[in-house]
Structures are given as structure tokens and as C-alpha cells.
Amino acid sequence: METQAPITPGRRGPRAGTPQRPRIGIVKFASCDGCQLTLLDLEDELLAIAARVDLVEFAEATSHRSAGPFDVLFVEGSISTPEQAEDIARLRAVSHRLVTIGACATAGGIQAIRNWFDHEEVRAVVYPQPGYVDSLAQARPVADFVAVDAELRGCPISPAQLREFLVALVTGRRPQLPDEAVCLECKRRGVVCVAVAQGIPCLGPVTRTGCGALCPAYGRGCYGCFGPRESANTASLAKWLSDDRSASDVGRLFAGFTAWSPPFRAMIDAHGGPPGQVIPVKETNDA
Ligand code: SF4
Ligand code: SF4
Ligand code: SF4
């Protein structure tokens, strides 16, 4: 069973002056805040966590702010603007460990689907006055800009994995975050396979575990929000999915919250390219 990269404070040696309670920061970029809320949702453990760490930056929960340094910085969201690219570089420089949380930060998120389209066209469709908006041509994962020490996957992240990560952090051990397929969780839970029993397309065989096979448990196929597992055989799954659907439909199945992850991106490109069409802008007389 594989684990994530170690995040124990001792991996690179303790930061000079590291306090007893690690200084933790949580910041966001282009995201919906849902992954940050997962921490607040750990209601039974919140007080115990607060007693073991020094939460110095978490705009979602406190008005007390800090620009660093951080022993561990959790980063939510993709990097979508030039300002964010500068900010993440600055934050990396003051963080001993940097941990990305959620599909936006680890894979670009749903907003990365715009990466297949012309930047100016998308801006014109979305914003009435695109000239006021400064955005990068692509929304990309944090790891494309700075070194990342560990990541928590999902949209949103799993409370159980976040709990495991925090416990590992405060006890100085390596977190146990397995890199298995969602299918294994179906088997453990006794969930009947929706692909086999109902013919519903499911990305579970190539998607990393962590959600408890949430979607199959409710009769839905997995759409890959935890992103591809290591060595995921996406080509084989795509071939199987192609038996009873068009190439563009197969590509669209991979075009979800982790579409920009290289293995899923390759399947989208190999099966019809961009997932959908940008609606052309209509000229209006509105001033
Ligand atoms: S990964 Fe999902 S829940 Fe987390 S910030 Fe992005 S959109 Fe929100
Ligand atoms: S429902 Fe999906 S995740 Fe579950 S066993 Fe079937 S293919 Fe795998
Ligand atoms: S089953 Fe797939 S899409 Fe559903 S929560 Fe789990 S990883 Fe995400």
C-alpha cells in the first residue's frame, strides 16, 4: 500500500526555531472554499486539532492573519491569474511544507476545462468587461508553479484523509494515504458494480481511492474527482468504454474535475479533443 510523500516536520530537518506546535496556514486561490470547509467539518476533532497546532492563517475561520513563516501551508485552488502566480511563489518561500488540497489545487479543477479553449474567447463569454479581468491563459495546478510536498485529492477532500494527515503531522509520522482504485472500496463496502450490473460508465478503475466509493454506493458512476491513481491504465478503460459509445462521449467522461491531470487529459485529447464548445459572443448594443 503506497503512501503520499512524507510530511513529517523532520523530513528535511526541523526548520530553525520550529515551535512545539506547528504553525499552520490555509490559503486559497481559484476555488470554491469547499476543501477548506472540510477542516471546519471535522467537528468532533476540531478542539483537539486546535490544541495541537497553531492555526495562524485561515481566512475562512479567523480574522487573525499571517504572512508566514509556516511550518505547513495547505493550499486550495488552481493558479489562474498572474497575481496568484506571484503569491504562490512568495508563500512557497515562507513555507517549510506545502500541501495542496483538492482537485483544483492538485489538478486544476473544473475551471481547467477552459484550458482547451481560446483564452480571449472564454473571457469574452464569461465577463461583460473582460478588460477588467487579468487571467492566465490556463488554470493550472499549484505543482506547475512551485514544489509541492504532499497532496490531498478530491472535490472536496475526504474528511478521513484530512484527519489522517493531521494526526500524522502532529505525531511526526508518514500519513497513510493509499493509492488504490475506487473499485477496491466498492468491494470492501459490498457495493454492486454499477458498470457491470447497469452498464453505467465509471472511472473507478483508474481513480484514486479516498471517498469510500461514494458515487457507486448511490448508484452513480465515478467521474474521477480524486484524479488518476499511479499507473492508471486509462487507455484500457477508454477502449472498454468505446464499445458502446462515441469517441467524443468517451473523452467527455474524462473531462471532469481532474480533466487537466495528464492521464485524463491524454484521453480527452485522444477522443475528440475539447469537451464541448464555447458559445460565440453575440454583439449587443448595451453600453
Ligand atoms: S476541489 Fe472542489 S471542493 Fe475543493 S475547492 Fe475545488 S471545487 Fe471546491
Ligand atoms: S462501480 Fe465503478 S468503482 Fe465500483 S467496482 Fe464498478 S467500476 Fe469499480
Ligand atoms: S466515486 Fe469518484 S467521483 Fe465520486 S466522490 Fe469518489 S472519486 Fe469522486
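This briefing describes the fold, the nonpolar core, the surroundings of ligand 2 and one helix with its neighbouring loop. The structure is a predicted model. Its protein chain holds twelve helices and five strands, and 42% of the 287 residues are buried. Of the contacts with a separation of 6 or more in the protein chain, 75% are between residues 24 or more positions apart.

**Nonpolar core**

- The largest nonpolar core has 67 residues, of which Val75, Val99, Ile101 and Ala259 touch the most other members.
- Domain 1 (23-171) and domain 2 (182-270) each supply at least three residues to this core.
- Ile101 is in contact with Cys35, Phe74, Val75, Glu76, Leu152 and Ile157, when neighbours within four places in sequence are left aside. Among these partners of Ile101, Val75 is itself one of the core residues that touch the most other members.
- In soluble globular proteins, nonpolar side chains tend to be buried together.

**Surroundings of ligand 2**

- Ligand 2 has 13 residues around it, and those that come nearest are Cys183, Cys186, Cys193, Cys202 and Gly204.
- Two elements, α7 (182-189) and α8 (194-198), give two or more residues to this shell.
- The largest contribution to the shell is from α7, which gives three residues.
- By class, twelve residues of the shell are nonpolar and one is polar, while none is charged.

**Helix α10 and its two sides**

- The buried residues Thr234, Leu237, Ala238 and Leu241 belong to α10.
- Viewed down the axis of α10, the buried residues fall within an arc of 100°, and they therefore line one face of the helix.
- An α-helix has 3.6 residues a turn, so residues three or four places apart point the same way.
- Ser236 and Lys239 lie on the other side of α10 and are exposed.
- The cover over the buried residues of α10 includes α11 and α12 (262-270).

**Serine 246**

- Ser246 is placed in the loop that runs between α10 (234-241) and α11 (247-253).
- Is Ser246 buried or exposed? Ser246 is exposed, because only 11 other C-beta atoms lie within 10 Å, and a residue counts as exposed at 12 or fewer.
- Ser246 and His271 are 25 residues apart along the chain, and their C-alpha atoms are separated by 8.6 Å.

Methods
Residues are numbered from 1 along each chain as its sequence is written. Chains are lettered from A and ligands numbered from 1 in the order in which they are written. This is a predicted model: local features need pLDDT of at least 70, side-chain atom pairs count only at pLDDT 80 or more; totals for chains, interfaces and linings use all residues. A residue is near a molecule or strand if its C-beta atom, placed from the backbone, lies within 6 Å of it. Helices (H or I, at least four residues) and strands (E, at least two) are DSSP runs, numbered from the N terminus. Ala, Val, Leu, Ile, Met, Phe, Trp, Tyr, Cys and Pro count as nonpolar, Asp, Glu, Lys and Arg as charged, and the others, Gly among them, as polar. A nonpolar core is a set of buried Ala, Val, Leu, Ile, Met, Phe, Trp, Tyr and Cys residues joined through C-beta atoms within 7 Å. A residue is buried if 20 or more other C-beta atoms lie within 10 Å of its own, exposed if 12 or fewer, and partly exposed in between; C-beta atoms are placed from the backbone. Domain bounds come from an automatic or database domain assignment. Two residues are in contact if their C-beta atoms, placed from the backbone, lie within 7 Å. The arc is that of the directions from the helix axis to the C-beta atoms.
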